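Colleague: I am new to this structure and would like a close look at a single part of it, the surroundings of the ligand. Please go on from there to whatever helps me find my way around the rest.

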Amino acid sequence: MNFDFTEEQKLFADQVRRFALAHLEKDALKRAHDPRFPFDVAKLMSKQGLMGITIPEADGGQGGTLIDAVIAIEQIAAVCPRSADVVQFGNFGPIRTFAEYGTPAQKQRWLPELLAGNMVMSLGMTEPDAGSAVTDLKTSAKPDGSNFVLNGTKVFSTFSPEAAIFLIYVRYGPGLGGIGSVIVERDTGGFTIGAPSSFMSGEQWSELHFENCRVPAENVLLGPGGFKKQMGSFNIERLGNTARALAFGRYAYNAARDYAGTREQFGRPLCEFQGLQWKFAEMAIKLEGAQLLLYRAATNADRGLPSAYETAIAKAACNQVGFDVASEAVQVMGALGYSRETLVEYCMRRTRGWMIAGGSIEMLKNRIAEHVFDRRFDQRPRHADAAE
Ligand SMILES: Cc1cc2nc3c(=O)[nH]c(=O)nc-3n(C[C@H](O)[C@H](O)[C@H](O)COP(=O)(O)OP(=O)(O)OC[C@H]3O[C@@H](n4cnc5c(N)ncnc54)[C@H](O)[C@@H]3O)c2cc1C
């Protein structure tokens, strides 16, 4: 067992940090309060080799590891939290499922633009009546000649106001085995995108409506039975949310620590009050513990698909710790921490969302409990006509 990064990983972390300080530090506050996807940052990151870190070189990626991508998130977020979303998009988001399961023609058509930072992709999984119970999704895809005809509605899709393409979970037929996914282009007939709504974080999402929307069969990403494969990839996406949650918590912690070292009240710096010292000790304990869980899940995932249990434990821990630490950091910094003059309140708002998105903490705990008792606990009432 080795708790240290390799020399190569340390060098990579250092390069990413220097890139972030040179290009991203200056406008970090402005960027956090702009709901638009930062395409300028995505283009810069593409040139720096930070897009497609885990995607094979043959597909235009860097051929690196998941832990490299986690390092990139940590180093970027430490300087400009908002820019870590670009690392997420380019490495952990739907792009990864797409790169893994796309046909050569699909990849040739869209991957270069996505990896260049010219285009963003949105994931349409959640529906009005299918949130945590995602397998209840109803959006249908019916074959019709050389097309599939889509009908249904998706909600909460991040980046949807700006995305050029959408990875949409669909139902080809009944049950779990009937679920798969298709790629839908923004300007497809029968596909309408509602007005943007805002999350607490400032990010925006739009309702996606499919009304007899015809998608060519060559846009099918995964056919019937593809759900399990998608969930395997989704565990990797979860690690991106996990890494960002922890990194945002750490950003807030660092800001609060620096503040407590210089801000004086009652004639002494805040860090000399034991009530605050213990807060920092508790924050440090939480951050260090969650960090190890994240690194374990990412390192083991590099040896195959991530374990659902290790991913669930890491995400539940990092989501909770990221938020708890950011919230304590706001407290330590008083009214300044609560104001938009610093990024600490932003980190608190952002980390709150990851306790819900990508598998809520409660759903992750359900998964962990199944591991603890080594049995499945069906969440559905026994008498229900389950979709699975
Ligand atoms: C910031 C953010 C970004 C998102 N981005 C996307 C995206 O890009 N694409 C996309 O498709 N979706 C996205 N979502 C939606 C997200 O996937 C859903 O919010 C999530 O699956 C939960 O569904 P829900 O909000 O409908 O809550 P519900 O499923 O209605 O759950 C409500 C509450 O009940 C709890 N609960 C539900 N079932 C159980 C159970 N069996 N046991 C214990 N507790 C339970 C939940 O944990 C939650 O606290 C995003 C959400 C957020 C907040």
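Modeller: The ligand is surrounded by 18 residues, and the closest of them are Leu123, Thr126, Ser132, Ser360 and Glu362. Please keep in mind throughout that this is a predicted model. Three elements, β1 (121-124), β3 (147-158) and α13 (361-373), each supply at least two residues of the shell around the ligand. Some of the surrounding side chains can be paired with particular ligand atoms: an N or O atom in the side chain of Ser132 is 2.7 Å from an oxygen atom of the ligand, and an N or O atom in the side chain of Ser360 is 2.6 Å from an oxygen atom of the ligand. With Thr158 the ligand atom is a nitrogen, which is 2.8 Å from an N or O atom in that residue's side chain. Taken on its own, the ligand has 970 Å² of accessible area, and the protein covers 66% of it.

From the ligand we can turn to the nonpolar interior. The largest nonpolar core has 113 residues, of which Met45, Leu50, Ile76, Leu114, Leu150 and Val184 touch the most other members. The element that gives the most to this core is α8, with 15 residues. Another core, of five residues, lies apart from it and has Ala312, Ile313, Leu364 and Ile368 among its members. Nonpolar side chains tend to be buried together in soluble globular proteins. To see one part of the larger core in detail, take Leu50, which, leaving aside neighbours within four places in sequence, is in contact with Phe12, Val16, Phe19, Met45, Ala72, Ile76 and Asn91.

The helix α8 (227-262) also appears in the surroundings of α9, where the cover over the buried residues includes α4 (66-77), α8 and α10 (308-332). Helix α9 itself runs over residues 274-301, and its 28 residues reach 41 Å from the first C-alpha to the last, close to the 40 Å expected at 1.5 Å a residue. Its buried residues include Leu276, Phe280, Met283, Leu287, Ala290, Leu294 and Ala298, and also Gln291 and Tyr295. It helps to remember that an α-helix has 3.6 residues a turn, so residues three or four places apart point the same way.

A shorter stretch to follow is helix α12 (residues 344-354), which is mostly covered, with eight of its eleven residues buried. Those buried residues are Val344, Glu345, Tyr346, Cys347, Arg349, Arg350, Thr351 and Trp354, and what covers them includes α2, α5 (84-91), α8, α10 and α11 (334-337).

Some of the residues of α12 can be traced to particular partners. Asp85, which is in helix α5, counts as buried because its relative accessibility is 1%, under the 20% cut-off. The side chain of Asp85 is joined to that of Arg350 by a polar contact of 2.9 Å. Beyond its neighbours within four places in sequence, Asp85 is in contact with Phe159, Arg244, Phe248, Tyr346 and Arg350. Tyr346 and Arg350 also appear, together with Arg349, among the contacts of Ser201 when neighbours within four places in sequence are left aside. Ser201 is found in the loop between β7 (197-198) and β8, counts as buried at 8% relative accessibility, and has its side chain joined to that of Glu203 by a polar contact of 2.7 Å.

Helix α2 (residues 28-32), one of the elements over α12, is the place of Arg31, a residue that counts as buried at 11% relative accessibility. The side chain of Arg31 reaches the backbone oxygen of Leu24 at 2.9 Å. Not counting residues up to four places away in sequence, Arg31 touches His23, Leu24, Pro38, Val41, Cys80, Arg82 and Ser83. Of these, Cys80 is 49 residues from Arg31 along the chain, and the C-alpha atoms of the two are separated by 8.3 Å.

Finally, there are two points of backbone geometry to look at. Most residues other than glycine have a negative phi. Asn212, although not a glycine, has a positive phi of about 45°; Asn212 is found in strand β8 (residues 204-216) and is exposed, with a relative accessible area of 54%. Phe266 has a positive phi too, near 55°. The place of Phe266 is in the loop between β10 (264-265) and β11 (268-269), where it is exposed, with a relative accessible area of 78%.

Key. Residues numbered from 1 in each chain as written. Predicted model: local features only at pLDDT ≥ 70, side-chain atom pairs only at ≥ 80, totals over all residues. Heavy atoms only, no water. Helix = DSSP H or I, 4+ residues; strand = E, 2+ residues; numbered from the N terminus. Expected span 1.5 Å × (residues − 1). Buried < 20%, exposed > 50% of the residue type's maximum accessible area, 1.4 Å probe, protein only. Contact = heavy atoms within 4.5 Å. Core = buried A, V, L, I, M, F, W, Y, C linked by side-chain atoms within 4.5 Å. Near = heavy atom within 4 Å. Polar contact = N/O pair within 3.5 Å; in protein donor to acceptor, adjacent residues only side chain to side chain. Areas by Shrake-Rupley, 256 points an atom, 1.4 Å probe, with all protein chains shown as cover.
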